[in-house]
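Thanks for opening this report. Please take a moment to bring up the sequence and the model side by side before reading on.

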Amino acid sequence: MSFFPKPVEPHVACQTLCSASLDWASSLPDEVSKRQSVSRARTPVRRSFDMSLVASFPATIRTPALASRRANPIASRASLRATRPVARRSARVATAMAAAVPIMVNDLTGKMGRAVADAVVARGADVCYLVPVAFSGEAKDPVTIGDVAVEIKSIRDGDPGAVLDDLKAKHPGLIVVDYTLPAAVNANADLYVKHAAPFVMGTTGGDRVKLLEDVSASGVPAVIAPQMGKQVVAFQAAMKLMATNFPGAFRGYTLTVTESHQSSKVDTSGTAKAIVESFNELGCGFDIKDAVLVRDVPTQIAPVPNGMGVPEEHILGHAFHTYRLTSPDGTVSFEFQHNVCGRSIYAEGTVDACLFLSSKVGEGCASEDCEAGKTLFDMIDVLREGGMVTN
Ligand code: NAD
């Protein structure tokens with residue numbers, strides 16, 4: 001059973017020249033690999049479009065939870081049985097009641113949280129609605145988004161668990177979204193797990209191995225992805241597939257990589273690293289240290305080809321990437337580009353992830369995932385379901 005109110009057209013399109021992306025996801029390649037190993041093992045491809053290539057992602061890294069489950073399947077099945085009913089019980093309530101999915105956004109006073117809250121409201125009250133309470137690092141004045149006045153409570157003071165329980169009772173089928181701080185990732189996930197609140201974790205950083213292990217073992221449904229831009233994830237997956245299927249296809253070609261982000265970002269884009277990994281499998285032999293990081297505003301604003309052509313209003317929030325391949329004799333060139341301004345791609349992906357997750361919980365869940373006991377998902381899973389919704 002799906003909570004999508006109307007059929008969603010699957011149109012996974014990875015274009016050679018793609019104008020969408022960004023990078024918040026330094027750990028994405030690892031995380032996708034790890035999660036793929038779980039997905040591939042348990043989830044058959046089941047859409048009408050051909051995602052078999054995505055399904056053939058290499059599975060090289062396994063989470064400790066999965067590894068230990070494999071090593072001792074009986075003991076780990078028992079531990080899952082012990083924990084999963086909590087999630088399933090709360091989920092049953094959700095399925096029975098929820099036509100529109102209630103979404104709690106922590107912290108909607110932050111930049112991403114606000115973008116997600118706006119996207120929830122924009123998606124329409126028949127699809128989902130904003131829960132009028134949010135957690136932040138500290139209590140703050142209420143914030144009105146659309147016609148919802150949201151109370152901002154401290155996650156550190158009082159009894160946040162009781163608040164969550166109360167919200168779950170008042171808003172059956174509650175899905176929690178987390179865009180907070182890397183330092184809060186593990187503690188916040190523990191809270192959601194402890195109170196069997198299905199959640200979408202967009203926050204990056206923290207102890208990712210522990211996060212995946214804890215959440216997977218808990219049986220509480222969750223989507224965890226450091227890159228919520230579905231089209232970017234699809235593009236990365238497509239590059240990975242090309243590398244897997246045609247290794248060495250670009251041997252001898254020279255690769256140049258240029259990426260531009262807000263000047264506060266000091267490290268190389270995680271998305272660029274992942275894409276370069278694929279190019280290297282295609283034979284390019286590129287050292288990621290040679291990527292050109294554009295962080296000075298004049299170059300960012302200057303029009304192509306001298307600058308990056310970033311619109312001035314997005315200087316503080318953009319992610320532009322250009323990968324150029326040139327043949328040894330210079331007669332052939334390829335250019336791959338994905339440029340993102342603002343946060344809407346992540347916010348939209350997050351709402352889609354919430355709707356996806358909602359369809360995975362509850363008694364009515366008839367998908368293979370539910371049957372197989374799969375409860376931990378990533379954006380590849382969302383893509384596989386064809387949840388490519390944009391407003
Ligand atoms: P921000 O600083 O604007 O917002 C963070 C908010 O979290 C602040 O309002 C802060 O008060 C609040 N906060 C602090 N501790 C908290 C706690 N323990 N519980 C609840 N709230 C707490 O940051 P941002 O730009 O919104 O980014 C948030 C996170 O999202 C970062 O980790 C960023 O890398 C990540 N991000 C992920 C994606 C993605 O696609 N997955 C996209 C963009 C950003």
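What follows is a short walk through a sheet and then the ligand site.

Please keep in mind that this is a predicted model.

**The sheet**

Let's begin with an open sheet of 4 strands, arranged in the order 10-9-11-12 with mixed pairing. Strand 10 (292-294) and strand 12 (333-341) are the edge strands; each has a single partner strand, so one side of each is left without a neighbour in the sheet. Going from one strand to the next, the twist averages 10°.

Further in, strand 9 (residues 254-261) and strand 11 (residues 318-326) run antiparallel and are joined by 8 bridges. If you would like a spot to click on, try Thr258, whose bridge partner in strand 11 is Thr322. Helix 10 (residues 270-281) packs on this sheet and touches strand 9, strand 11 and strand 12. The direction of helix 10 makes about 15° with that of strand 11.

**The ligand site**

Now over to the ligand, which has 26 residues around it. Asp107, Lys111, Met112, Thr204 and Met228 come nearest. Here are three polar contacts to look up in your viewer:

| Residue | Protein atom | Ligand atom | Distance |
|---|---|---|---|
| Thr204 | polar side-chain atom | oxygen | 2.7 Å |
| Pro226 | backbone N or O atom | nitrogen | 3.1 Å |
| Asn188 | side-chain N or O atom | nitrogen | 3.3 Å |

How much of the ligand does the protein bury? Taken alone, the ligand exposes 860 Å², and the protein buries 87% of that. Thr204 is worth a second look here, as one of the residues that come nearest to the ligand and also a partner in the 2.7 Å contact with a ligand oxygen atom.

Note on methods:
Residues numbered from 1 in each chain as written. Predicted model: local features only at pLDDT ≥ 70, side-chain atom pairs only at ≥ 80, totals over all residues. Heavy atoms only, no water. Pairing = 2+ DSSP bridges. Helix = DSSP H or I, 4+ residues; strand = E, 2+ residues; numbered from the N terminus. Axes fitted to C-alpha atoms, helices over the stretch in contact; angles between N-to-C directions. Contact = heavy atoms within 4.5 Å. Near = heavy atom within 4 Å. Polar contact = N/O pair within 3.5 Å; in protein donor to acceptor, adjacent residues only side chain to side chain. Areas by Shrake-Rupley, 256 points an atom, 1.4 Å probe, with all protein chains shown as cover.
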